[in-house]
Amino acid sequence: ALFCRHRRRTSCMPAWVIDQYGPNGVLRFTDEIPVPAINFASEVMIKVCAASLNPLDISMRGGYGAKLLKLRRDPMSVMDSDSEFPLILGRDVSGVVVDCGSGVTHFAPGDEVWAAVPPWKQGSLAEFVTLTEYEVSHKPKLLSHTEAASIPYVAATALSALVNAGGLCRDNCSNKRVLITGGSGGVGTFSIQLLKAWGAHVTVTCSHNAEGLVRGLGADEVVDYMAGDVAAQLDMMEKFDVILDNVGGETEQWALSLLKPWSGAKYVTLVTPFLLNTDSMGLLDGIVRSGFTLHNKAIQNIISNGVFYRWGFYAPDGPALDEISKLVDAGKILPVVEAQFPFTQVPQAFQKLEQGHARGKTVVRVA
Ligand code: NDP
């Protein structure tokens, strides 16, 4: 901050930061964060117009994933021990390119773009964010920045989970039955629309008051998980080719038996113990333990049920967002913005998210 005060005003920017991990009170507004300069030829600097929040922001505020993310930020440990602070949260951005590295070929200043900011990079709850060209995509023309900011992180996660782990794509979904648990949240509301655009049959679990929302987005069958035994209700249906689990916990105990056996069917969960393990056991032990857990569950399920058990993870992918842009501009995917907050009310936006029961996304208007 001192460094900034002595420099031209324009080299600092406003941002919401945390200086330690903890509850909502650790969020601090400052206008003395150095503007994230372009350090590599492939980088793009974006002026943030809107950002959105994900459950990961709440977890990261509390220190979740800190050990592994720190290693990813600083693999050679060249920085000092508390170097991640001040840390900027916010994983989605919609904004305008203001500067490009000399090797950037797809973007120019003035371009309207959207992106999912990897958790190991400084986030989007700031005036500017700097990303690698590969992580950025041209924003859909039909959407406002507020609407566009609601999509990238859940889209990148859903694509990674459904395509890489679930084996689905635009061309092989027409005869597929997919179950999405937790269909009313950020990942769920996006995934329903993507799978319907790809021609799949989509069944969703959600609570009763979200049925209208998920049906409006195209869900074919909706099961109210609060009305009795959700596993028994789903068990009466035809079996599934792919399950995308956004809920985790006990779901794993009953969901795998809902898959078609010995036909390549896959259960993909987004709720994994991976970062919790590295936080609690240290990096090496955490990674080894996670590897064992995943391996054992995968082996057990292929042997006893004839189905694949997989973990899904967010992965940065600008070109994949280009494809989503086309689906949005074709009217096949709509943004689902549940709540909007001005930049002055970032703590209130976190509070909203922390209350749970999301119905789509919470967006912060930054500029
Ligand atoms: P959200 O908070 O946006 O949505 C969760 C939704 O699930 C809410 O609508 C909630 O509504 C609903 N829900 C809660 N309990 C149940 C239940 N038992 N059955 C059915 N629905 C339920 O989260 P996201 O969609 O953004 O993310 C989903 C999960 O995936 C989170 O746990 C997140 O941490 C994880 N994730 C993991 C990633 C990875 O890289 N592995 C990346 C992104 C997300 P209600 O409570 O009213 O029913």
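**Strand S13**

I started with strand S13 and asked what becomes of its two faces. Both are covered: Lys266 and Val268 on one side are buried, and so are Tyr267 and Thr269 on the other. I keep in mind that this is a predicted model.

Next I looked up the partners of S13. On one hand there is S14, joined to S13 (residues 266-269) by four bridges, with the two strands running parallel. Here I found Lys266 standing opposite Phe308 in S14. Strand S12 (residues 242-245) also pairs with S13, again in the parallel sense and over four bridges. In that pairing Ile243 stands opposite Tyr267 in S13.

**The whole sheet**

I then stepped back to the sheet. It is open, with six strands in the order S11-S10-S9-S12-S13-S14, and the pairing is parallel. Which strands stand at the edges? They are S11 (221-224) and S14 (308-311); each has a single partner strand, so one side of each is left without a neighbour in the sheet. I also noted the twist: neighbouring strands of this sheet are turned by 15° against each other on average, direction ignored. A reminder to myself: strands of a sheet pair through backbone hydrogen bonds, either parallel or antiparallel.

While in the sheet I checked Cys206. Its place is in strand S10 (residues 201-206). Buried or exposed, I asked of Cys206? The relative accessible area of Cys206 is 1%, so I wrote it down as buried. I also took its distance to Ser150: the two are 56 residues apart in sequence and 20 Å apart in space, C-alpha to C-alpha.

**The ligand**

I moved on to the ligand and counted its shell. There are 21 residues around the ligand, and the closest are Ser184, Tyr225, Tyr314, His357 and Ala358. By type, the shell residues divide into 10 nonpolar, 10 polar and one charged.

Then I went through the polar atoms:

- For Gly186, I have a polar backbone atom 2.9 Å from an oxygen atom of the ligand.
- For Gly312, a backbone N or O atom lies 3.1 Å from a nitrogen atom of the ligand.
- For His357, a polar side-chain atom lies 2.7 Å from an oxygen atom of the ligand.

How much of the ligand does the protein bury? Taken alone, the ligand exposes 910 Å², and the protein buries 78% of that. I also looked up which elements give two or more residues to the shell, and these are helix H5 (152-165) and helix H6 (186-197).

His357 deserved a second look. I found it in the loop between helix H13 (346-354) and strand S16 (361-365). Its phi is positive, about 55°, although His357 is not a glycine. At 62% relative accessibility His357 counts as exposed; that value takes only protein chains as cover, so the ligand does not enter into it.

**Trp262**

Another positive phi turned up at Trp262, near 50°, again in a residue other than glycine. Where is Trp262? I placed it in the loop between helix H9 (251-255) and S13. Trp262 has a relative accessible area of 61%, which means it is exposed.

**The loop between H3 and S4**

Last, I went to the loop between helix H3 (66-73) and strand S4 (87-88), where Glu84 is found. I wanted to know whether to call Glu84 buried or exposed. Its relative accessibility is 8%, and the cut-off for buried is under 20%, so Glu84 counts as buried.

Which side chains does Glu84 contact? I found a polar contact of 2.6 Å between the side chains of Glu84 and Tyr21. A polar contact of 3.3 Å joins the side chains of Glu84 and Lys70.

Pro86 lies in this loop between H3 and S4 too. I checked the peptide bond from Phe85 to Pro86 and noted that it is cis, with omega near -5°.

Definitions and conventions: Residues numbered from 1 in each chain as written. Predicted model: local features only at pLDDT ≥ 70, side-chain atom pairs only at ≥ 80, totals over all residues. Heavy atoms only, no water. Pairing = 2+ DSSP bridges. Axes fitted to C-alpha atoms, helices over the stretch in contact; angles between N-to-C directions. Near = heavy atom within 4 Å. Polar contact = N/O pair within 3.5 Å; in protein donor to acceptor, adjacent residues only side chain to side chain. Areas by Shrake-Rupley, 256 points an atom, 1.4 Å probe, with all protein chains shown as cover. Nonpolar A, V, L, I, M, F, W, Y, C, P; charged D, E, K, R; others polar. Buried < 20%, exposed > 50% of the residue type's maximum accessible area, 1.4 Å probe, protein only.
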